[in-house]
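Have your viewer open and your selection tool ready. We will walk through this model stop by stop, with something to pick at each one.

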Amino acid sequence: MSGIDLRAFTPELLERYDRPGPRYTSYPTAPHFTPEFGEAAYREALARAARRTDEPLSLYVHVPFCEHRCTYCGCNVVIAPHRGPEEAYLNAVEAELDLLAEALGDRRTLNQLHWGGGTPTYLTPSQCRRLHRAIVSRFPLAPGAEAAIEVDPCVTSPEHVEALAALGFNRISLGLQDLDPRVQEAVERVQPMALTRGLVTSARRLGFASVNVDLIYGLPYQTEAGFRETVRRVIGELEPDRVACFSYAHVPWIKPHQRRLEGMPMPRGFGKFRIFLAAADEFLRAGYRFVGFDHFARPGDPLAEALDSGGIHRNFMGYTVMPATDQIGVGVTAIGDVGGAYAANLRNLARYERAVAEGRLPVERGIVRTEEDELRGAVIRRIICTLRVEWDWVRERFGVEPLERFAGALEALEPMAADGLVEIRPAGLAVTPTGRFFLRNLCMPFDARLAPPGDRPLYSRTV
Ligand code: SF4
C-alpha cells in the first residue's frame, strides 16, 4: 500500500493556505448563531421537525464534567474534581428530554445516539444506566441504531465498559492524543498505553462493533518521528476501525488555560503540517482510507466503504454513514440541527439547570437557515464528504444555475486549481489527492458568511 508523495507539499504551498478558517461542522458556522433565535424560534423548528415522522432522527447528549483539565482542551467542559454536580445535571437532562419529547410529538425513534463531553464516563456505571434509561424511555432506539460514546481511558473502568455494552452501545471512541510521555506530561494528560490497550481489548471482547481513536497533532514537543511512532503503535497495538487525527487548535483568546502551553516548543506552520502528513502516510501505508479532513477508516469499516459509494455525511459529531434529517442536542452547550435551524443550548451550567427547572427550553443562540444557506451548506458538505460537486446535482436539487451563482467562488478557486488542489471541470469540481489536505480552504469560497477580519480571530488556522 503506498503512502503520500510528500514532495507535493512545499513550505510555499502551506504558506499560501495556512489561514484562519471554519471547520464546517455546520453552515452557517457557530459564530453566526445569534441570541435572536430564542425559545419561540426553537419551538417552531421542533414543530417543523415533528411533522417529518418517517425521517431518521439522531440525538446528542453532552456530559460536561471532567475531573481535571487537559491543557490542550478545546471542549465545553465543567471541571469537577469532586463528585456531586452530576446528580443535579441528570435531573436537568431528564427535564429537558421531557420538554423535547413533548415538542416532537410522535417523532421519537432514534437511528443514532451519541454521548459526548466533557467525559461521559465521569458518570458512574449506575449513573450511565440512569441517563440511558432517561433517553430511551422517551426516544427509543431503532433496530440497528448506532449508539456511540466518547470515553477518557483514564477514568473509564472495566465496569463502565461492561455497563455500556449491556446498554447496547456499539461504538466507543477513546481520546489518546500522543503516546510520547514528554508530550503527555506537557499537556497534563498522562495516559499509559497499557491502560488504553486494556480498554480496547475489553470493548472488543464485549462486542463493540467499532473502536475509534482520537489523536491530536500540533502539541508541544511533538516531532514528525515521534508522532509516526505513535501512529505505528496505535495501528499495531489497537487496530482502531476509525481514527480522527485532529489539528490542535491553539485559541487562547477563547480557551485561556491554553496559555500554559505557550512557553513550550510547539510545532507550527509547515513543521506542524509535516507531522500530520507523516501520520497520514503511516495510515495509508497500513491500508487505511483517508476519509477527509482528519479522519481515517480501516478497510471494511462502513465509512471506508461509503467513500466509494458517496454515502458519507457530516454533522456536529464528524463524519457518519447514518444521516439523520434532524439532530437533537441535549444538555448544556449542546447544539442541535432541527427543522432547518441550528439551536445551541446555554453555556452556563447553572443557567441551563434553572431554565429546564422552570420548564423553558434552554436555548441560547441559533439561526434559521435561509435557502441560500441550504444551497451553500450542501455544496460545502459535498466537497467535504464526497470530494466532488456535480453541477447537475446542484441544478436538480436547488433549481439554480451554479456557474452563475458561484461565479465568484469559481474565480477564487482558480489559484487553488493552479496549485493542484482542485480540478474545475465543465461538469463540476473534483478535489485532487493533494487538495484533500486543504478542504477547509476549498470550502471557504462558497461561504458567503465568512466574517470580515477583526481584532479577535474567530477561527483556528486551516492547516
Ligand atoms: S478529558 Fe477531554 S474534555 Fe476533559 S479536559 Fe481533557 S480534553 Fe477536555
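Which residue in E19 does Glu 423 stand opposite? Select Glu 423 and look across: its partner in E19 is Ala 430. Keep in mind throughout that this is a predicted model.

**Stop 1: the sheet around E19**

Stay with these strands for a moment. Arg 425 stands opposite Gly 428 in E19, and a hairpin of two residues joins E18 to E19. The two strands run antiparallel and are joined by four bridges. Now add E17 to the selection: the three strands make an open, antiparallel sheet in the order E17-E19-E18. At its edges sit E17 and E18 (422–425), each of which pairs on one side only. Ignoring direction, neighbouring strands of this sheet are turned by 15° against each other on average. As background, strands of a sheet pair through backbone hydrogen bonds, either parallel or antiparallel.

**Stop 2: helix H12**

Next, select residues 371–386, which are helix H12. How far apart are the end C-alpha atoms of H12? They are 22 Å apart, which agrees with the 22 Å that 16 residues should span at 1.5 Å a residue. Colour the buried residues of H12, among them Leu 375, Val 379, Ile 380 and Ile 383; Arg 376 and Arg 382 belong to the buried set too. What covers these buried residues includes strands E9 (289–292), E11 (313–315), E17 (388–390) and E19 (428–431), along with helices H13 (391–398) and H16 (439–443). Just after H12, click on Leu 387, which takes a positive phi of about 65°.

**Stop 3: helix H15**

Move on to residues 407–418, helix H15. Its twelve residues reach 17 Å from first C-alpha to last, close to the 16 Å expected at 1.5 Å a residue. Just after H15 comes Gly 420, with a positive phi of about 80°.

**Stop 4: Leu 303 and its contacts**

Now pick Leu 303 in helix H10 (residues 302–309). Is Leu 303 buried or exposed? It counts as buried because it has 22 C-beta neighbours inside 10 Å. Leaving out residues up to four places away in sequence, Leu 303 touches Arg 242, Val 291, Ala 297, Ile 312, Tyr 319 and Val 321. Try a C-alpha distance from Leu 303 to Val 321: they are 18 residues apart in sequence and 6.2 Å apart in space.

**Stop 5: backbone surprises**

Most residues other than glycine have a negative phi, and most peptide bonds are trans. With that in mind, select Phe 293, in the loop between E9 and strand E10 (295–297). Phe 293 has a positive phi of about 55°, and it is buried, with 21 other C-beta atoms within 10 Å. Glu 239, in the loop between helix H8 (224–238) and strand E8 (242–247), has a positive phi near 45°. With 13 C-beta neighbours inside 10 Å, Glu 239 counts as partly exposed.

For cis peptide bonds, go to Tyr 27 and Pro 28, where omega is about 0°. Pro 28 lies in the loop between helix H1 (11–17) and helix H2 (39–50). Another cis bond joins Gly 117 and Gly 118, with omega about 20°.

**Last stop: the ligand**

Gly 117 and Gly 118 also lead us to the ligand, as both are among the residues surrounding it. Show the rest of that shell, including Cys 66, Arg 69, Cys 70, Cys 73, Thr 119 and Asp 152. The shell divides into five nonpolar, four polar and two charged residues.

Definitions and conventions: Residues are numbered from 1 along each chain as its sequence is written. This is a predicted model: local features need pLDDT of at least 70, side-chain atom pairs count only at pLDDT 80 or more; totals for chains, interfaces and linings use all residues. The expected span of a helix is 1.5 Å times one less than its number of residues. A residue is buried if 20 or more other C-beta atoms lie within 10 Å of its own, exposed if 12 or fewer, and partly exposed in between; C-beta atoms are placed from the backbone. Two residues are in contact if their C-beta atoms, placed from the backbone, lie within 7 Å. A residue is near a molecule or strand if its C-beta atom, placed from the backbone, lies within 6 Å of it. Ala, Val, Leu, Ile, Met, Phe, Trp, Tyr, Cys and Pro count as nonpolar, Asp, Glu, Lys and Arg as charged, and the others, Gly among them, as polar. Two strands pair if DSSP finds at least two bridges between them. Axes are lines fitted to C-alpha atoms, for helices over the stretch in contact, and angles run from 0 to 180 degrees between N-to-C directions.
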